Amino acid sequence: MNVGWITDRPHYVGGSELTQAEFQAAAPDGIEVTICHPGEVTYGLDRYVAHNVTQFKADDLDPIEAPVTWYHHDLSPWIDPGVRRRLDRERHVFCSPLHRERYGAEGECIPPALELDQYRPTRQTKRHREGACSIASWMNPGKGPQLVAQWAQQHGPLSVYGGGIFAPQGPGIDFRGPLSPDLVASTLFAHQTFVFLPTAIEPFCRCVVEAWVAGCDLVVNRNIGAHHWIENDPTA
């Protein structure tokens with residue numbers, strides 16, 4: 001079976017891109033995945049998965065006749081209205097019940113296919129950790145930089161990692177800059193507390209799950225879809 005994977009051309013590697021790579025790597029034997037970028041959709045395949053579609057036009061998707069599964073990674077506020085209408089007729093899959101409720105459509109809830117073994121702490125890493133950190137792609141104000149800055153002012157110091165123009169600033173913040181994915185686990189192991197306080201809905205939020213698996217104390221809020229899986233079905 002050949003599955004077309006409908007996705008934007010990424011400008012940077014974030015949680016969505018990692019999720020896509022992990023799902024594709026988990027494809028069962030006999031499944032061939034064909035990447036379909038905007039303007040380069042391969043038609044006539046057996047099935048399709050739509051992931052990030054902010055760069056697509058309705059004309060890109062209208063010729064598709066096979067079933068499409070739309071795996072929502074966010075609330076899709078920036079997609080073309082014609083693309084939304086086209087995909088809303090298809091099967092929806094959401095990252096969490098919070099995500100599904102906020103989007104307002106019927107569909108399954110399936111968490112991202114995370115590879116978490118690297119985040120499980122050893123005895124040694126459990127002994128040598130202190131302080132607090134926050135890791136995010138600070139690309140929009142919904143990541144809650146002002147709330148993180150307030151927390152740091154009251155409880156800091158706080159080591160902040162990640163790029164983006166909305167990175168928290170102010171007293172108590174030690175801004176460390178971008179962090180490559182291969183260094184996330186060791187950074188979490190070095191800290192006792194993880195802080196992330198988004199003001200907008202985070203449909204899943206893999207960084208919170210990674211910090212939880214790493215054994216960090218979580219300072220988070222209820223705008224995070226991963227709460228459902230951590231509290232109700234952690235093995236998912």
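## The parallel sheet

In this predicted model, six strands form an open sheet in which the order is S2-S1-S3-S4-S5-S6 and the pairing is parallel. Its edges are formed by strand S2 (32–36) and strand S6 (108–109), each of which pairs on one side only. Within the sheet, strand S4 (residues 68–71) is joined to strand S5 (residues 91–94) by three bridges in the parallel sense, and Tyr71 has Val93 of S5 as its bridge partner.

Helix H1 packs on this sheet, where it touches strand S1 (2–6) as well as S2 and S4, and the direction of H1 makes about 175° with that of S1. As general background, the strands of a sheet pair through backbone hydrogen bonds, in either a parallel or an antiparallel arrangement.

## The surroundings of His51

His51 lies in the loop that runs between strand S3 (47–50) and helix H2 (58–61). Its relative accessible area is 3%, and because buried means under 20%, His51 counts as buried. The side chain of His51 makes a polar contact of 3.5 Å with the side chain of Ser16.

Once neighbours within four places in sequence are set aside, the residues in contact with His51 are Trp5, Ile6, Ser16, Thr19, Gln20, Trp70, Tyr71 and His73. One of these, Tyr71, is the residue whose bridge partner in S5 is Val93.

## Helix H8 and its enclosure

How far is helix H8 (residues 206–213) enclosed by the rest of the structure? Seven of its eight residues are buried, so H8 is largely enclosed. The buried residues are Arg206, Cys207, Val208, Val209, Glu210, Ala211 and Val213.

These buried residues pack against several elements, namely helix H1 (15–25), strand S7 (132–135), helix H7 (184–189), strand S10 (193–195), strand S11 (217–219) and helix H9 (226–232). Helix H1 therefore appears in two settings, since the buried residues of H8 pack against H1, while H1 also packs on the sheet. After H8 comes Gly215, a residue whose phi is positive, near 90°.

## Salt bridges

A search of the whole structure finds nine salt bridges. In one of them, the side chains of Arg9 and Glu40 meet at 2.8 Å, taken from N to O; this pair links distant parts of the chain, with Arg9 in the loop between S1 and H1 and Glu40 in the loop between S2 and S3, 31 residues apart. Both partners are partly exposed, Arg9 with a relative accessible area of 38% and Glu40 with one of 46%.

Another salt bridge joins Glu202 to Lys143, the closest N and O atoms being 2.9 Å apart. This pair, too, links distant parts of the chain: Glu202 is in the loop between S10 and H8, and Lys143 is in the loop between S7 and helix H6 (145–155), 59 residues apart. Glu202 is buried, with a relative accessible area of 11%, and Lys143 also counts as buried at 16% relative accessibility. A further salt bridge, of 3.0 Å from N to O, is formed by the side chains of Arg222 and Glu231; Arg222 counts as exposed at 57% relative accessibility, whereas Glu231, at 45%, counts as partly exposed. Finally, salt bridges that share partners join Glu22, Arg206 and Glu210 into one network, and of these residues Arg206 and Glu210 are among the buried residues of H8.

Conventions. Residues are numbered from 1 along each chain as its sequence is written. This is a predicted model: local features need pLDDT of at least 70, side-chain atom pairs count only at pLDDT 80 or more; totals for chains, interfaces and linings use all residues. Side-chain values use heavy atoms; hydrogens and water are left out. Buried means under 20% relative accessible area, exposed over 50%, partly exposed in between (1.4 Å probe, protein chains only). Helices (H or I, at least four residues) and strands (E, at least two) are DSSP runs, numbered from the N terminus. Contact means heavy atoms within 4.5 Å. A polar contact is a pair of N or O atoms within 3.5 Å; within protein, one must be able to donate a hydrogen and the other to accept it, and residues adjacent in sequence count only if both atoms are side-chain atoms. Two strands pair if DSSP finds at least two bridges between them. Axes are lines fitted to C-alpha atoms, for helices over the stretch in contact, and angles run from 0 to 180 degrees between N-to-C directions. A salt bridge is a side-chain nitrogen of Lys or Arg within 4 Å of a carboxyl oxygen of Asp or Glu.
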